[in-house]
Amino acid sequence: MERLVHCVKLKKELPGLEKPPFKGEVGQKIFDHISQQAWDMWRNDMQIKVINEYRLNMGDKCDYDVLVEQMLLFLNLKEGKTAEVENAQRGRGES
């Protein structure tokens with residue numbers, strides 16, 4: 001039987017993850033409150049954009065912490081502003 005969760009990202013009841021995505025409190029929080037659909041939105045799209053846009057090095061603890069912070073913000077598990085990853089004006093300089 002499919003496990004349903006009230007997804008705080010998509011604000012409706014949806015199928016949940018099969019298991020926590022990683023160990024610890026944050027992984028359990030995602031498992032309890034995030035749908036598979038919302039998790040896929042993070043893993044397959046936004047996570048890649050954040051890593052690439054901000055050139056995060058996953059071997060660097062500070063960069064990894066930035067990624068976790070952005071993940072929590074994106075999934076609505078924490079309040080605050082998410083990183084801007086799609087700005088057509090970035091890199092164009094001043095005219």
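**Helices H2 and H3: reasoning from values to words**

Mentor: In this predicted model, helix H2 passes helix H3 in a right-handed crossing.

Trainee: What makes the two helices a contacting pair, and which residues make the contact?

Mentor: With contact taken as heavy atoms within 4.5 Å, H2 contributes Ala-38, Trp-39, Met-41, Trp-42, Met-46, Gln-47, Val-50 and Ile-51, while H3 contributes Leu-67, Gln-70, Met-71 and Phe-74.

Trainee: How many of these residues are nonpolar, polar or charged?

Mentor: The residues of the contact of H2 with H3 divide into ten nonpolar, two polar and no charged; Gln counts as polar because the polar class takes what is in neither the nonpolar nor the charged list.

Trainee: Why are H2 and H3 called oblique to each other?

Mentor: Two packed helices are described by the angle between their axes and the distance between the axes. For H2 (residues 36-53) and H3 (residues 61-74), the angle is about 135 degrees and the axes lie 11 Å apart. Roughly perpendicular covers 65 to 115 degrees and roughly antiparallel needs an angle over 145, so at about 135 degrees the pair falls into neither class, and H2 and H3 are therefore oblique.

Trainee: Where do the helices stand in the order of elements along the protein?

Mentor: The protein has three helices and two strands, and from the N terminus on the elements run β-β-α-α-α.

Trainee: What share of the residues counts as buried, and what does that word require?

Mentor: A residue is buried if its relative accessible area is under 20%, and of the 95 residues of the protein, 29% count as buried.

Methods: Residues numbered from 1 in each chain as written. Predicted model: local features only at pLDDT ≥ 70, side-chain atom pairs only at ≥ 80, totals over all residues. Heavy atoms only, no water. Helix = DSSP H or I, 4+ residues; strand = E, 2+ residues; numbered from the N terminus. Buried < 20%, exposed > 50% of the residue type's maximum accessible area, 1.4 Å probe, protein only. Axes fitted to C-alpha atoms, helices over the stretch in contact; angles between N-to-C directions. Parallel < 35°, antiparallel > 145°, perpendicular 65-115°, else oblique. Left-handed = near helix turned anticlockwise from the far one by under 90°.
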